[in-house]
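Trainee: I would like to learn how to read a binding site in a model. Please show me the structure before we begin.

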Amino acid sequence: MPLGPSDTTPESVTASPVDCSLQPGDPVTREALIADDSTLALVSWGDTEWQGEDPRQVRVPLPALQPSAPLEVWRSSAPVTSGREGGIGYSRNAELMFAHVTVAEPDSGELERATDLAYRRLYGFLDATGYRHPLRVWNFFSDIHIEREGLDRYQAFCVGRHRALGEGIDSRELPAATVIGTQRPGLLIYVLAARAPGTQIENPRQVSAFRYPPDYGPQSPSFSRAMLRRWPGGSHLYISGTASIVGHTSRHPSDACAQLAEVLENLNTLILTARAEGGPEIERVGELSLVKVYLRDPALFPVIDAELPRLAGASLPRLFLQGDICRQDLLLEIEGLYTGPRPVIV
Ligand code: 3EB
């Protein structure tokens, strides 16, 4: 299996506490990663086989569109401690906590309450353990466009999340985030949180989501476009799910290729904005550690699978997943992260 930078860096003040990569999803690799006590988290995809036994494992109920879907692997520079507590699975090292929670939804009209509950549990756990600064949060729930009493479920989610975070939260503390609609009931949230805060990065091409006008729902979405964290070993950049939105308006409603180009423009802008604030010494999407591409319609896979490497570079590690994007007119969304230079494969 390819080695990440932490395998060759001895434990020292120059190390980054974690790196993230895509690794082959075959059972042999998976077992080896589970047996390795420096594996902080192992995220896999698909409609089968819900949660694994090991608290470091998360199963996201979205179909992968690639023939053999890789695993998202978070590797710690030191052995991790893991466990379960009050419905939360977690693992941590000295700097970072990975945690996840799944909340059943007995009634689909109760997503606001389920979200509020899940966030209070998660943030309560992070506060109690001293990892008070969520850098990156992923959220998954079903029927994202279903409406009830004038609100769709994404809007209800935003209300519940905001209520749990509290009126007093400083918008600069909001984590980078992804929200994607699944085909399976239940709300799943996983988070990477740190003991010390990161730096918010917003996109000058986009209105900050937490300042969206009320056209998109009664509660603006509580997330940052990206979070930057400087570690002794180098800067990490955690980029939110990024769509074809300029200002606060969706662009290129039924044109997936034009949406892709707009998304890449947004991602490149975020990378350059972060760099100007002490972020990673990279200039474009193709240099990220990995991207995850969410497609509303699996029929779009062949064209986006061909276009992305053409526009961003063939060596960019990428994972394609099928999922619903928050707004009906958005066909795709891309998130990315940078945790250090990719190992050179010879
Ligand atoms: C957008 O930019 C697209 O509510 O946490 C992307 C990433 C989106 C995160 C969230 C929403 C969220 O508004 C939707």
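Trainee: How many nonpolar, polar and charged residues does the lining of the second largest pocket have?

Mentor: The classes are fixed: Ala, Val, Leu, Ile, Met, Phe, Trp, Tyr, Cys and Pro are nonpolar, Asp, Glu, Lys and Arg are charged, and the others, Gly among them, are polar. In this case, the lining of the second largest pocket holds 16 nonpolar, nine polar and seven charged residues. The model is predicted, so to speak with care, local features need pLDDT of at least 70 and side-chain atom pairs pLDDT 80 or more, while totals for chains, interfaces and linings use all residues. Residues are numbered from 1 along each chain as its sequence is written, and side-chain values use heavy atoms, without hydrogens and water.

Trainee: What is the volume of this pocket, and which residues are closest to its centre?

Mentor: A pocket is an open set of points on a 1 Å grid over the protein atoms alone, with protein on both sides within 12 Å along at least five of seven lines; lining residues have an atom within 4 Å of a point. Here the volume is about 480 Å³. The lining comprises 32 residues, and those closest to the centre are Tyr 154, Tyr 212, Pro 221, Cys 326 and Arg 327.

Trainee: Which element gives the most to the lining?

Mentor: Helix α3 does, with five residues. Strands β11 and β15 (234–242) each supply at least two.

Trainee: Where does the ligand sit, and which residues are around it?

Mentor: The ligand occupies the second largest pocket. The shell around it (a heavy atom within 4 Å) includes Ala 177, Val 179, Phe 223 and Glu 333. By class, this shell has eight nonpolar, one polar and three charged residues.

Trainee: How far from a ligand oxygen are the polar side-chain atoms of Arg 161 and Tyr 212?

Mentor: A polar contact is a pair of N or O atoms within 3.5 Å. An oxygen of the ligand lies 2.7 Å from a polar side-chain atom of Arg 161, and the distance for Tyr 212 is 2.7 Å. For Tyr 154 it is 2.5 Å.

How values were computed. Polar contact = N/O pair within 3.5 Å; in protein donor to acceptor, adjacent residues only side chain to side chain. 1 Å grid on protein atoms, 1.4 Å probe; cavity = no way out; pocket = protein on both sides within 12 Å on 5 of 7 lines; lining within 4 Å. Sits in = over half its atoms within 2 Å of the grid points. Points joined across faces, edges and corners; volume = space filled by probe spheres on them. Helix = DSSP H or I, 4+ residues; strand = E, 2+ residues; numbered from the N terminus.
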